[in-house]
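Hi,

Here is the structure I promised to pass on. Have a look at it first, and my notes follow underneath.

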Amino acid sequence: MIKQPLWPQLKRYLLLHIDPVLMLALSLLLVTGLIVLFSATDASWGRVMAQAGNITVALFCMWLVANIPLHYLMRTALPMYVFGMVLLIGVALFGEVSHGARRWLNIGVATIQPSELMKIAVPLMMARYFEKNEATLTLKNYFFAALLLLLPVALIARQPDLGTAVLISASGFYVLFLAGLSWRVMGALFVAALASAPVLWSMLHDYQKHRIMMLLDPSQDALGKGYHTIQGMIAVGSGGFLGKGFLNGTQTHLDFLPERTTDFIFAVFSEEFGLLGNLILLGMFIFIIGRGFVITANASTYFTRLMAGSVTLTFFTYAFVNMGMVSGILPVVGVPLPLVSYGGTSMVTLLLGFGMLMSIHTHKTLVQT
Amino acid sequence: MKRRVELKNNQREIYYFRLRLALSIGFVLVLLFLLLSRFIYLQIIKHAHYQTLAENNRISVVPIVPNRGLILDRNGVILAHNYSGYTLEITPSKMTDLDSTIDQLAQLIDIQIKDRKRFKKLLAESHNFESLPIRNQLTDDEVARFAAQSYRFPGVEVKARLFREYPYNEKTSHLIGYIGRINDTDIQQLEDDDSASNYRGSDYIGKTGLEQSYESELHGTTGVQQMEVDAGGRGVRVLSHTPPVSGNTLVLSLDAKLQEIADNAFGNYRGALVAIDPNNGEVLAFISRPGYDPNLFIDGIDEDSWTELNNSPDVPLNNRALRGQYPMGSTIKPFMALAGLYYGKRAPSYTISDPGYYALAGSSHHYRDWKKEGHGMVDMFKSIVVSCDTYYYGLAVELGIDNMYNFLSQFGFGKLTGIDLEGETSGLMPSQEWKMKRYKQKWYAGDTVSAGIGQGYDLTTPMQLAFATAILANNGIGYRPHLVRQIRHGDSNDTVVPEVKPEFNLNLNPEHVALIKSAMVAVTQPGGTAAQASAGAPYSIAGKTGTAQVVGIKQGEKYNASQLSERNRDHAWFIAFAPADKPKIAMAVLVENGGHGGAVAAPIARKLMDYYLLGKVPPPVVPPANAHSGVVATEVAQPEPEHD
């Protein structure tokens with residue numbers, strides 16, 4: 001046995017499953033997020049430190065997942081999915097109402113939001129289902145997979161939590177798409193969706209309808225529902241090319257921006273750093289998404305390919321929906337800017353996804369050897 | 001078939017997967033491009049637009065209301081001033097349940113029924129987005145109690161502001177007037193005057209009296225502060241600041257002490273008094289009784305007080321001095337005598353024999369003298385001293401109404417005096433033309449007869465009669481009567497003294513004037529109608545008593561004060577100036593239902609003169625228990641035949 005110095009060995013062991021490229025891209029975005037958060041909280045350290053704590057926990061979770069080979073994780077898909085569904089039904093029956101929505105479940109020691117769990121569990125379950133039936137895929141399998149997706153989405157949309165419902169739908173759809181759902185079926189679904197739009201519209205809550213109407217003309221209710229959109233657009237637009245400078249955003253620091261540490265943090269960034277800052281931020285997102293695509297393309301199994309693709313595209317969806325709603329091209333749905341917005345749960349969920357990506361990438365070679 | 005599916009082609013599968021992945025990447029790129037376009041649109045193309053919106057968002061222009069100017073008397077005594085205090089204000093638009101909020105507030109702070117009523121009235125008149133006071137002049141204790149509980153009352157706040165106060169209360173109410181909250185009519189007026197911008201942030205405006213007439217001087221110039229505000233509208237920091245300019249201070253010609261003495265001298269009588277310095281038109285005292293408490297009006301008067309003031313038979317809100325129109329009565333006689341001299345209708349020595357009545361040629365109707373048995377032989381001098389009616393019946397007929405009109409109008413009868421108070425009425429000096437216009441009737445000789453003793457169509461305000469008396473005192477030279485003597489700049493104390501120059505000179509014959517004045521002096525001497533009131537004065541007083549009838553006395557009936565109800569008794573007049581040879585003060589005194597001028601009105605004039613000329617302060621009068629007893633006392637004091 002060759003004696004080696006302990007630390008480098010330990011370090012190599014610890015970092016074995018961390019993808020350095022992805023890690024670099026994530027770090028850049030996380031640090032940017034902390035800087036913007038500092039401004040969004042009017043230069044106070046409290047929330048920044050709390051968010052740093054969230055990031056630390058989330059990074060640990062990511063490291064943990066990165067070290068688990070994906071086929072172990074695959075085995076947890078069914079129990080996790082079933083558990084999540086039970087919790088969702090529990091929420092629908094006994095959930096706590098907060099801000100007019102029934103999203104939280106009190107399990108004695110803490111209140112949890114089962115929809116967050118489903119962000120991982122749904123694509124995992126669907127990818128596992130396709131993996132299992134890989135050899136004999138027929139249209140029937142796609143329908144069943146779609147059912148696996150629609151059940152939790154329907155429950156979450158009913159809470160109501162449109163943002164999470166959209167994100168989970170997207171992640172599930174990506175799995176279906178990458179699994180090779182035929183164009184004809186997708187076309188048929190698209191037509192069906194258009195046809196059922198009036199029915200869906202009638203099922204939406206009033207406030208959701210309002211938000212969509214506001215997108216069409218935010219000024220009609222400038223102090224009510226349109227306020228978020230208008231103030232967000234003013235913040236982005238007044239930022240100009242170079243921005244107003246760090247800590248100098250008037251929309252931010254004079255309280256005109258609502259929810260500026262969470263859903264509208266992009267408006268803070270955009271106001272203070274301008275179009276140039278937006279380009280750099282978009283660059284960071286492209287960097288992360290690009291690396292995700294590389295990992296997806298090189299994934300060795302059907303399951304890991306679906307999973308990696310779904311995680312990457314869902315991450316993109318997060319970013320697009322958030323920036324789209326702040327800049328006024330999408331309705332205001334509660335979707336945070338991934339890795340930037342304040343909040344522990346979404347941070348953990350997102351980095352868990354990246355942990356899976358890293359695991360997929362680093363365990364591939366081990367599987368082959 | 002089934003076998004073919006089972007034997008999967010790994011290579012082909014990866015190819016298809018990568019195709020779909022490539023499509024996904026394309027999808028991602030298209031959406032990213034969409035976002036980028038949106039950013040360019042917002043941040044480059046529409047940047048200027050959003051820049052403006054952001055600026056408008058954050059900058060608010062806050063008006064700074066100037067301090068209202070003070071009103072001082074000629075010696076610097078404060079007649080209207082401001083003091084700082086706290087109000088509790090409610091913004092009704094922020095309330096869901098106004099009444100329950102007020103109920104809860106009432107548990108903390110003393111809110112009376114009348115406060116609620118007044119608030120309701122303000123609410124009805126106001127626009128919903130302004131804050132309205134529910135309680136004024138909170139005590140420190142109340143402010144502290146509310147501050148501790150203020151979180152329970154969004155939309156309710158304690159505001160520190162300046163309050164207007166009139167220390168002389170009802171004694172100067174008709175003169176100073178009052179300010180009140182700006183209403184729709186005021187807003188319209190301000191917009192018409194193009195001064196609405198100067199009233200941004202102002203809640204009050206002068207409503208009556210000097211507060212109204214000198215509004216433009218008193219208000220001052222509103223300052224402007226550009227504030228950076230947050231979304232809640234709270235100021236964060238000041239970007240620019242233009243300080244307000246305080247309203248100008250009015251220094252009046254009024255003598256507050258004289259005003260107070262005059263007001264007290266009326267006792268419980270209603271009436272009016274105007275005293276003028278004949279040498280420059282300065283108004284020294286200006287009384288209209290009863291007065292009212294102007295402080296009630298500032299923040300909107302409560303319903304009960306308003307009803308009480310409006311329905312009182314004493315009509316305290318009526319400015320008698322400025323707007324009350326009364327027959328001149330015998331005070332017209334000195335002016336009539338001047339007219340007779342001027343038109344050559346009477347020589348001073350021309351004497352009539354007074355049988356106690358006058359009859360027009362060819363008529364049996366008797367125009368009675370106040371003295372049934374007549375005054376005997378009466379020349380011009382005596383006609384004034386004893387106030388002989390018969391003398392003036394004849395004179396009037398000989399002069400004719402149009403000559404009377406032409407001559408008396410010169411003294412300001414039937415015209416506005418031009419005093420610097422709004423709302424003056426012009427009285428009435430009749431003429432043939434006027435009667436034709438007004439009644440479509442020709443003028444009858446009988447009309448002229450009663451006009452000769454001031455009991456015809458003629459009407460005068462106390463203000464007008466005081467003005468005419470001042471002109472006479474100053475030998476026909478007229479100064480526009482005015483209350484404001486100096487205007488002091490609100491902040492710098494620069495003083496503007498409006499130019500005082502004679503407005504006109506009637507070019508009266510000095511001999512005529514001397515005769516009339518000497519007769520008026522004799523009025524206040526033993527044998528004259530105002531002898532009692534003037535007894536013992538170390539200066540000479542020129543005066544003339546008068547009586548204005550409230551109800552007509554039928555032919556053959558005798559006026560008997562004790563048989564008439566108090567409100568039907570005659571109004572008492574007294575005009576006077578002193579010292580007679582070099583007048584410093586001229587005045588007209590009206591005592592409503594006072595009966596005889598010499599007995600009731602002249603003693604009031606005497607008290608003013610004693611103070612103004614000698615500095616003598618009358619001993620404090622113990623006010624009689626009620627108005628009625630006051631009247632009884634004068635009745636007893638009144639010797640029976642001393643009626644004019």
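Let's start with a proline: P579(B) sits in the loop between β22 (571–578) and β23 (585–591) of chain B. Helices and strands here are DSSP runs (H or I over at least four residues for a helix, E over at least two for a strand), numbered from the N terminus. The peptide bond leading from A578(B) into P579(B) is cis, with omega near -15°. Another cis bond runs from R289(B) to P290(B), with omega near 0°, and P290(B) is in the loop between β12 (282–289) and α12 (303–311) of chain B.

Before going further, some housekeeping. This is a predicted model, in which local features need pLDDT of at least 70 and side-chain atom pairs count only at pLDDT 80 or more, while totals for chains, interfaces and linings use all residues. Residues are numbered from 1 along each chain as its sequence is written, and chains are lettered from A and ligands numbered from 1 in the order in which they are written.

On to the overall make-up. Chain A has 14 helices and three strands, and 48% of its 369 residues are buried. Chain B comes to 24 helices and 23 strands, with 43% of its 644 residues buried. (Buried means 20 or more other C-beta atoms within 10 Å of a residue's own, exposed means 12 or fewer, and partly exposed is in between; the C-beta atoms are placed from the backbone.)

Where do the chains meet? 36 residues of chain B are in contact with 36 residues of chain A, contact being C-beta atoms, placed from the backbone, within 7 Å. On the chain B side, α1 (2–6), α2 (10–45), α3 (47–58) and β8 (223–229) each give two or more residues. The biggest share comes from α2(B), with 18 residues.

Now the interior. The largest nonpolar core (buried Ala, Val, Leu, Ile, Met, Phe, Trp, Tyr and Cys residues joined through C-beta atoms within 7 Å) has 130 residues, and those with the most contacts inside it include A275(B), A466(B), M587(B) and L608(B). The top contributor is α23(B), with 10 residues. Domain 2 (61–252) and domain 3 (256–292 + 322–637) of chain B both supply residues, so this core lies between them; those bounds come from an automatic or database domain assignment. Leaving out residues up to four places away in sequence, A275(B) touches L258(B), L284(B), A285(B), A466(B), I585(B), M587(B) and L608(B). A second, separate core of 111 residues includes A58(A), A127(A), L162(A) and F303(A).

Back to α23(B) itself: this helix (residues 597–614) bends by about 25° at P603(B), the bend being the angle between axes fitted to the seven residues ending there and the seven starting there. Because 15 of its 18 residues are buried, α23(B) is largely enclosed by the rest of the structure. Next comes G615(B), which has a positive phi, near 75°.

Two residues other than glycine have positive phi as well. N169(B) has phi near 45° and lies in the loop between β5 (156–165) and α7 (173–176) of chain B. V315(B), with phi of about 35°, is in the loop between α12 and α13 (320–323) of chain B.

Cheers

Conventions: Contact = placed C-beta atoms within 7 Å.
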